[in-house]
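Thanks for sharing this one. Here are a few notes to read with the structure open beside you.

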Amino acid sequence: MQSQIDPGAQGQTGDRPLIAEFRAATKRYGAVLAADALSFGIGKGEFLSFLGPSGCGKTTALRMLAGFEVPTSGDVFLDGERVTDVPAYRRPVNMVFQHYALFPHMTVAQNIAYGLMQRRPRPDRAEVARKVDRALDMVRLSGFGPRRIWEMSGGQQQRVALARAIVNEPKVLLLDEPLAALDRKLRREMQIELQTLQRQLGITFVLVTHDQEEALSMSDRICIMRSGRIVQAGSPLALYDQPINRYVADFVGKSNFIDGVVSALSGEGGQIETASGYRFEGRVSGVLAPGAKASLSIRPEQIDLANSAHPGAEPVTVINRIFLGEHTEYLVRHAALGDLLVLVARQAEAAAGSFAPGAAAFVAWKPETALILPQD
Amino acid sequence: MQRRLSTWLLLAPAGLWFAVMLVLPLCFVVVFSFGEREAAGGYVPAFTLAQYANLPSRGTAFLNTLTLAPFGTVLALLIAYPLAYFLAMRADPKWRTLLLILVIVPFWTSILIRSYAWIFILGGQGLPAVIAWLGFGSVRLINTPFAVMTGIVYGYLPLMVLPVYVSLERLDKRLLEAAADLGAPPLRSFLQVTLPLSLPGVATGCMLVFILLMGEFLIPAMLGGGKVFFIGNALVDLFLQSRNWAFGAAVAVTLVLIMLVTVSLYMWLMRRMGGVRDDVALM
Ligand SMILES: Nc1ncnc2c1ncn2[C@@H]1O[C@H](COP(=O)(O)OP(=O)(O)OP(=O)(O)O)[C@@H](O)[C@H]1O
Ligand SMILES: [Mg+2]
């Protein structure tokens with residue numbers, strides 16, 4: 001397992017000072033280990049995402065930060081202070097809930113003002129009204145203050161939830177799949193808005209998502225999680241180019257995997273041999289020893305699809321063709337290597353012509369674009 | 001057209017039932033209330049307000065009902081709310097169904113029998129004996145307003161617990177996390193989120209208990225020993241014993257009017273206060 005990683009492997013928080021930190025934070029629910037000795041820091045002003053499949057502990061990590069869950073063992077720090085036992089209502093963080101959790105008996109403005117009104121001494125009414133207006137402005141809902149929650153659309157409710165959190169100027173803003181309930185187009189819009197907002201406010205954002213595109217497009221840094229652990233953390237680019245194992249490569253972007261064992265290693269490069277005797281060169285990413293089980297990872301866009309044989313090319317049969325606009329996605333089948341996804345750019349396809357299902361074709365890729373990865 | 005017909009067919013059984021069993025008798029009662037009493041008991045047609053003028057003679061029954069019914073409702077609410085809160089928010093879900101059944105179990109026995117039980121508990125050999133034994137002197141419990149109140153609250157508690165429980169159970173618990181997240185300590189989040197959102201259940205429970213209490217006669221008769229009279233007892237007396245139907249009808253009409261006014265007032269108040277969506281105002 002590569003998950004017992006030293007802090008260096010977790011990607012850098014840059015030269016940012018830490019705003020939040022987990023130290024061996026563990027959370028057990030009976031036999032389930034929802035968070036397994038999480039240790040990592042979150043930099044001030046950073047946009048960090050937790051990415052992982054359902055049930056891997058993303059929400060649990062977020063809830064420990066918010067104060068809804070007390071770690072079974074280990075500690076949570078906020079802005080240099082140990083807050084492990086501090087209840088949620090005393091923590092300077094705010095959360096945007098997945099289903100918004102807006103108060104149905106209050107207006108939009110009352111919802112947004114709620115956090116400010118909890119402060120003691122009570123803030124001045126005019127001041128609260130001013131801040132609420134500004135928050136409404138930021139989420140582009142000016143004038144919606146007197147409305148009732150049920151008079152708002154899903155997307156608008158989403159914005160209210162966001163405004164209700166940011167109006168408090170939290171040290172960390174926690175977002176638990178905030179866009180999951182929105183349709184694709186609206187989600188894209190809100191992603192851009194969230195990013196803009198984060199830059200404007202300079203607040204640290206911690207986002208939970210299982211939408212890799214969302215994580216890749218928005219975050220400064222992503223933590224890839226599995227079974228309560230962080231497998232790898234790093235910038236989207238680092239995760240894409242240097243995944244430490246097959247799990248990460250599979251989670252960040254699409255990839256084709258060919259399984260085998262390491263047959264040669266030389267510095268950055270290496271060679272993998274499949275069970276059927278094929279040998280492929282590639283760049284080694286992650287920790288590998290000769291003879292270890294490994295996977296060759298080739299991104300679909302790195303594979304060339306040609307209609308004539310050439311040195312190094314492998315014969316395949318086209319199974320399926322999906323037009324995606326800018327790209328066309330082919331599913332091709334190799335007799336020994338199995339199915340491969342190939343992404344052909346529109347221009348390339350226009351030049352080389354397209355392939356109908358059933359057609360014979362040849363695939364090839366440059367060895368330096370292929371990665372040799374530990375399987376686990 | 002087809003639809004029209006089926007709508008009428010759907011409404012027919014209930015409509016017929018209400019017309020024959022409620023509206024018609026109510027009309028009789030109203031007509032009777034303007035009549036006179038026959039010397040041997042019964043009804044003589046007439047048009048006089050004499051019966052209404054005579055209402056003050058039953059003033060105590062009205063006073064008892066109009067104080068003990070609201071008071072009983074409030075007391076039942078004060079006892080039921082914490083219980084419902086515990087059941088909905090704190091009780092282990094494993095035990096919740098069992099505990100709910102326990103709340104309803106008393107309904108399996110007639111209120112008559114349960115009131116008998118209270119006669120023994122509150123009677124001379126019961127609690128007063130214990131109190132005397134503890135050295136707090138002799139107290140009288142049975143046949144007092146206290147006894148009636150005890151019986152009322154005991155009898156109607158489940159009717160209050162259930163609607164309040166339902167509204168608390170339905171409350172989205174994430175709202176409480178949201179309140180905490182926004183800085184509200186537990187008590188404030190209860191007052192600002194839980195309580196307002198459970199008001200529909202509270203309203204339903206209060207309505208149920210209050211309306212039924214206004215017509216109550218069994219508990220006062222048994223635990224009040226003829227000393228704590230409700231309007232219901234007056235009606236039983238007037239219709240069955242004194243056979244003064246005209247006066248009884250006048251008392252009944254007055255009771256119905258009082259209920260109509262209080263219930264309308266209450267609903268109006270709830271709507272004003274809650275500002276909650278119409279469809280949830282009464283759950
Ligand atoms: N209150 C709880 N009681 C028992 N088990 C829990 C509880 N909350 C979470 N778990 C378990 O802990 C594990 C992690 O849950 P968590 O909610 O953190 O997952 P997640 O990564 O957020 O998943 P998703 O993407 O589906 O939201 C899961 O196996 C889950 O079943
Ligand atoms: Mg989750």
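**Notes on a strand pair, its sheet and a helix pair**

1. Let's start in chain A of this predicted model. Strand β17 (residues 327-334) of chain A pairs with β18(A) in the antiparallel sense, and eight bridges join the two. If you would like a place to look, take Glu329(A): its bridge partner in β18(A) is Leu343(A).

2. Now step back to the sheet that holds this pair. It is an open sheet of five strands in chain A, running in the order β15-β19-β16-β17-β18, with antiparallel pairing. From one strand to the next, the twist averages 45°.

3. Which strands stand at the edges of the sheet? They are β15 (304-306) and β18 (338-345) of chain A; each has a single partner strand, so one side of each is left without a neighbour in the sheet.

4. Over in chain B, have a look at helix α3 (residues 59-90) and helix α4 (residues 93-104), which pack with their axes 9 Å apart and at an angle of about 155°. Angles over 145 degrees count as roughly antiparallel, and α3(B) and α4(B) are therefore roughly antiparallel to each other. The crossing of α3(B) past α4(B) is left-handed.

5. What meets what between these helices? On the α3(B) side are Leu83(B), Phe86(B), Leu87(B) and Ala88(B), and they meet Arg96(B), Leu99(B), Leu100(B) and Val103(B) of α4(B). By class, the residues of this contact between α3(B) and α4(B) are seven nonpolar and one charged, with no polar ones.

Methods. Residues are numbered from 1 along each chain as its sequence is written. Chains are lettered from A and ligands numbered from 1 in the order in which they are written. This is a predicted model: local features need pLDDT of at least 70, side-chain atom pairs count only at pLDDT 80 or more; totals for chains, interfaces and linings use all residues. Side-chain values use heavy atoms; hydrogens and water are left out. Axes are lines fitted to C-alpha atoms, for helices over the stretch in contact, and angles run from 0 to 180 degrees between N-to-C directions. Helices (H or I, at least four residues) and strands (E, at least two) are DSSP runs, numbered from the N terminus. Angles under 35 degrees count as roughly parallel, over 145 as roughly antiparallel, 65 to 115 as roughly perpendicular and the rest as oblique. A crossing is left-handed if the near helix is turned anticlockwise from the far one by less than a right angle, and right-handed if clockwise. Contact means heavy atoms within 4.5 Å. Ala, Val, Leu, Ile, Met, Phe, Trp, Tyr, Cys and Pro count as nonpolar, Asp, Glu, Lys and Arg as charged, and the others, Gly among them, as polar. Two strands pair if DSSP finds at least two bridges between them.
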